[in-house]
Amino acid sequence: MRKTYGTLAETGEKVIMTSTGYWIGEGGRHITSYERVDKKEEGYQYSMDRKHRFYLEAID
């Protein structure tokens, strides 16, 4: 499990994430999906921008 460090875009909170796979975004591009590992959150999926800011994409 490879860890990726960054911040939540909405709050600026520092987080540790791991990639969980890919999903198809607008325009047919593949987007990596991330899951938070420093805090237990069931079903939350995030995406990351180039500045390592994470954005909540889905809650299962």
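In which sense do β1 and strand β5 (residues 53-59) pair, and over how many bridges? In this predicted model, the two strands run in the parallel sense, and two bridges hold the pairing. One of the residues involved is Thr7, whose bridge partner in β5 is Arg53.

It helps to step back to the whole chain. The protein chain has five strands and zero helices, so anyone reading along the sequence just meets β-β-β-β-β. Its C-alpha trace spans about 30 × 25 × 20 Å along the principal axes. A compact globule of 60 residues would have a radius of gyration near 10 Å, and the protein chain, at 11 Å, agrees with that. Buried residues account for 28% of the 60 residues. About 4500 Å² of the protein chain is exposed, with carbon and sulfur atoms supplying 47% of that area. As for how the chain meets itself, 23% of the contacts between residues at least 6 apart in sequence join residues at least 24 apart.

β1 has another pairing, this one with β2. Strand β1 covers residues 3-8 and strand β2 covers residues 14-24, and the two pair in the antiparallel sense over five bridges. Lys3 is part of this arrangement, with Thr18 as its bridge partner in β2. Together β1 and β2 make a hairpin, with five residues between them. In the turn sits Gly12, which has a positive phi of about 80°.

Next comes the nonpolar core. The largest one is made up of six residues: Leu8, Val15, Met17, Tyr34, Tyr46 and Phe54. Leu8 touches several of its fellow core members, as its contacts beyond four places in sequence include Val15, Met17, Tyr46 and Phe54. Leu8 is also in contact with Glu13 and Arg36.

That brings up Arg36, a residue of strand β3 (residues 30-36). Is Arg36 buried or exposed? With a relative accessible area of 7%, Arg36 falls under the 20% cut-off and therefore counts as buried. Its side chain makes a polar contact of 2.7 Å with the side chain of Glu13, and another polar contact, also listed at 2.7 Å, joins the side chains of Arg36 and Asp38. Setting aside neighbours within four places in sequence, Arg36 is in contact with Leu8, Glu13, Lys14, Val15, Ile16, Met17, Glu41 and Tyr46. Among these, Leu8, Val15, Met17 and Tyr46 belong to the largest nonpolar core.

Ser47 is another buried polar residue worth a look, with a relative accessible area of 9%. Ser47 lies in strand β4 (residues 44-48). A polar contact of 2.5 Å links its side chain to that of Glu57. Beyond four places in sequence, Ser47 touches Ile31, Thr32, Tyr34, Arg53, Phe54, Tyr55 and Glu57. Tyr34 and Phe54, both in that list, are members of the largest nonpolar core.

Arg50 gives the opposite picture. Arg50 is found in the loop between β4 and β5, and a relative accessible area of 85% puts Arg50 over the 50% cut-off, so this residue is exposed. Between Arg50 and Thr11 there are 17 Å in space, C-alpha to C-alpha, for a separation of 39 residues in sequence.

Methods:
Residues are numbered from 1 along each chain as its sequence is written. This is a predicted model: local features need pLDDT of at least 70, side-chain atom pairs count only at pLDDT 80 or more; totals for chains, interfaces and linings use all residues. Side-chain values use heavy atoms; hydrogens and water are left out. A nonpolar core is a set of buried Ala, Val, Leu, Ile, Met, Phe, Trp, Tyr and Cys residues joined through side-chain atoms within 4.5 Å. Buried means under 20% relative accessible area, exposed over 50%, partly exposed in between (1.4 Å probe, protein chains only). Contact means heavy atoms within 4.5 Å. Helices (H or I, at least four residues) and strands (E, at least two) are DSSP runs, numbered from the N terminus. A polar contact is a pair of N or O atoms within 3.5 Å; within protein, one must be able to donate a hydrogen and the other to accept it, and residues adjacent in sequence count only if both atoms are side-chain atoms. Two strands pair if DSSP finds at least two bridges between them. The radius of gyration is taken over C-alpha atoms; the globule rule is 2.2 Å times the number of residues to the power 0.38. Accessible areas come from the Shrake-Rupley method with a 1.4 Å probe; for residues, only the protein chains shown count as cover.
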